[in-house]
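Here is a short note to read alongside the structure. The points are numbered for easy reply.

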There are 2 protein chains.
Amino acid sequence: MKKSTIKDVAKEANVSIATVSRILNETGKGYSEKTKQHVMQTIERMGYYPNAIARGLINNESGSIGVLFPEVSAMVSAELLHGIESAAQAFRKSVIVCNTSSDQEKTKHYLRLLYEKQVEGVIFANERLTNNYQRIVTQMNVPFVTLSGTTEINHIPEIKVNDVQASYDATRYLIEQGHTRLAMISGNPNDLIAGAPRIDGFKKALKEARLPCEDTQICWNNAFYFDDGKIAFRSIIKNHPETTAIFAASDELAAGAMSEAHAQGIMVPDDLSIIGYDNTKLAMMLIPSLTTVSQEFETMGYKAANILFQSMMGEEVESLTMKHKIIERGSVKSVNEKFKNQ
Amino acid sequence: MKKSTIKDVAKEANVSIATVSRILNETGKGYSEKTKQHVMQTIERMGYYPNAIARGLINNESGSIGVLFPEVSAMVSAELLHGIESAAQAFRKSVIVCNTSSDQEKTKHYLRLLYEKQVEGVIFANERLTNNYQRIVTQMNVPFVTLSGTTEINHIPEIKVNDVQASYDATRYLIEQGHTRLAMISGNPNDLIAGAPRIDGFKKALKEARLPCEDTQICWNNAFYFDDGKIAFRSIIKNHPETTAIFAASDELAAGAMSEAHAQGIMVPDDLSIIGYDNTKLAMMLIPSLTTVSQEFETMGYKAANILFQSMMGEEVESLTMKHKIIERGSVKSVNEKFKNQ
DNA sequence: TTGAAAGCGATACCAG
DNA sequence: CTGGTATCGCTTTCAA
């Protein structure tokens, strides 16, 4: 049973395909109310739906955007994607997801695929859009946007929070609670997105407060996951047992640290305060619930998509720095409080 | 700067578009090695990429599949999607994600959209494919697969775990640890996917063991989230303070219960054992880490996509019941163990 | 080995 | 208000 085409509808309704097309596109002109009724009925009866591919060919638009993530299964990606999807829905665009695994070849492959599919815009999430992609990006000649990432390519807006500032604020928060012996669990310092900038913010706050700031106070183990947090935590305890507060560069890292602390009989927050980063759903589920830096991922995704759509419509668009804030929960205790309870 | 087309390439290389096309498609015949070299070079130089839309129109294939989720931001969806995406990558198909919010109108809208986009197959995840979609599904005339969901429509394979059996096993596990006073934190019992079947499994195990099994032992609050777990936990403690072990129908529910237990000074697992369901990343991050029923979501997504692709290639396909298993961690204590430690 | 030409399904211009 | 037709970029058959 072949799909019916506009031709079939035209034949069935005894009109020309031109007329059917006009009615389909609700141009409002070029047909009488009567034919419209008639044609609409036959369309309904036949269960006809226009072929978006044919439409796309002539209109030169695919109705899709592409989204590239290094890892789609991460909680952060899921929330970003949610925001993107809902914006796309409003703009009647569909979203093609691509999982790059942070692999340059895969990324190029996908970019090429998206190019061939004639996507009308691309969101590059959680990663750095380097010069290596310059050529294809230029060729594609459609708007790009980086989301929670950065770009080496000019004129591409970045939608993200100020990581340096947010990390600075998180660290300041700990200092204001009276902590003077701080440590940080970082992601990979070579990560230009979520690694280095957060370290910078941490250091800045310490130096400004004239607090000790040795490199050994900053520990990491490759990535931003739970196990990385556990491992890094051990280094901290070994090298800096005097630590009373830790800034973790992701909620998962913080969770790992908390888990390891528990295993070692260290009480959070009584013996040790921990602040996380991201405010994923995980944060409120931990015991104690995790004080953390909030990034509103869903909103960020939504806004990034909207900026992309504006750009697709030819409007001038700019980078957007999203606000962040500290969500106070139960994993940080002020030093005063600590004394009080003793 | 307009995109270059096959025509441009043909002109530039002084051959016909037919030849370029043949080379592009690596038919292996219809051109000499020499022209091939020449044409490939001009293609490379011009940075030409074929237009997949035009290709799709003539070949009647879009190169995409659609995936519908009730909620893309859920951890479970993210893992399923990951599996789907990686299978799709291998099959050189791209995946269009749709977030239905469990809304029937939205779902229809998306189905229609996917139809128009000529997707070659559809994965319907985490939800029931009811008769309401029968018409469009039939019309679309492409393979469907339900993933971690069920269908009222015939000849559509279901890829999922046996929820009744898995819940039965989880409950049995608690019983085998010596628990006799059990309770369950359920999702919505009207949820035919993850609600009712899990309740059935729970009841079955209790009855079989001739253990008390009143309806009040099963509590819920709409959904499967953290807060639902907290709320349901309160009911359990109020109505059945004798409870020593809880089966929660999702890891998030379990997390909520654990959080509330902690707030009430109830120790897990010493005073109360809890087993979860899903084995999302969350499970290992909790303190104590959560014993839970494992569903391998990423694998499920991968397999579902593969089954879909097989079906797209005209092969006969069947439903697939994935194996589940109990992941023993720290949230369940056997009654013996309990006595020992006292 | 090569090229000309007929579509794929829809849109839009131009006549009538 | 309506219909014929060129066209979008590509594949494929048929001749040369």
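**Notes on the model**

1. Start with a helix pair in chain B. The crossing of α10(B) over α11(B) is right-handed. Keep in mind that this is a predicted model. The two axes, of α10(B) and α11(B), come within 6 Å and cross at roughly 55°. That angle makes α10(B) oblique to α11(B), because angles under 35 degrees count as roughly parallel and 65 to 115 as roughly perpendicular.

2. Which residues make this contact? On the α10(B) side they include B:Phe226, B:Ala232, B:Phe233 and B:Arg234. On the α11(B) side, B:Leu253, B:Ala254, B:Ala257 and B:Ala261 are among them. B:Asp227, B:Asp228 and B:Lys230 of α10(B) also take part, as do B:Glu252 and B:Glu260 of α11(B). By class, the contact of α10(B) with α11(B) has eight nonpolar, three polar and six charged residues.

3. Next, the sheet in chain B. Six strands make an open sheet with mixed pairing, and their order is β9-β8-β10-β11-β12-β14. β9 (218–220) and β14 (325–327) of chain B are the edge strands, each pairing on one side only. From one strand to the next, the twist averages 25°. Helix α10 (residues 226–239) of chain B packs on this sheet. There it touches β8 (182–186), β9 and β10 (245–248) of chain B. The direction of α10(B) makes about 145° with that of β9(B).

4. Look at the β14 end of the sheet in more detail. β14(B) pairs with β12 (residues 291–294) of chain B in the antiparallel sense, over three bridges. B:Thr292 has B:Ile327 of β14(B) as its bridge partner.

5. Now the interface between the two protein chains. 44 residues of chain B contact 44 residues of chain A. On the chain B side, at least two residues each come from α4, α5 (75–90), β2 (94–99), α6 (104–116), α11 (251–263) and α12 (282–285). α5(B) gives the largest share of that side, eight residues. The side of chain B that touches chain A divides into 23 nonpolar, 15 polar and six charged residues. Note that α11(B) serves here and also in the contact with α10(B).

6. A strand pairing also links the chains. β2 (residues 94–99) of chain A and β2(B) run antiparallel and are joined by three bridges. Within this pairing, A:Val95 stands opposite B:Val97.

7. How many residues surround DNA strand C? There are 26, and the closest are A:Thr5, A:Ile6, A:Ala54, B:Gly30 and B:Ile58. α2 (17–24) and α4 (52–59) of chain A, with α2 (17–24) and α4 (52–59) of chain B, each supply at least two residues of this surface. The largest share, five residues, comes from α4(A). The surface near DNA strand C has 14 nonpolar, 10 polar and two charged residues.

8. Finally, DNA strand D. It is surrounded by 28 residues, the closest being A:Ser16, A:Ala18, A:Gly30, B:Ile6 and B:Asn51. Two or more residues each come from α2 and α4 of chain A and from α1 (6–13), α2 and α4 of chain B. The classes near DNA strand D are 14 nonpolar, 10 polar and four charged. α4 of chain B therefore deserves a second look: that helix supplies residues near DNA strand C, near DNA strand D and on the side that touches chain A.

Note on methods: Residues numbered from 1 in each chain as written. Chains lettered and ligands numbered in written order. Predicted model: local features only at pLDDT ≥ 70, side-chain atom pairs only at ≥ 80, totals over all residues. Near = placed C-beta within 6 Å. Helix = DSSP H or I, 4+ residues; strand = E, 2+ residues; numbered from the N terminus. Nonpolar A, V, L, I, M, F, W, Y, C, P; charged D, E, K, R; others polar. Pairing = 2+ DSSP bridges. Axes fitted to C-alpha atoms, helices over the stretch in contact; angles between N-to-C directions. Contact = placed C-beta atoms within 7 Å. Parallel < 35°, antiparallel > 145°, perpendicular 65-115°, else oblique. Left-handed = near helix turned anticlockwise from the far one by under 90°.
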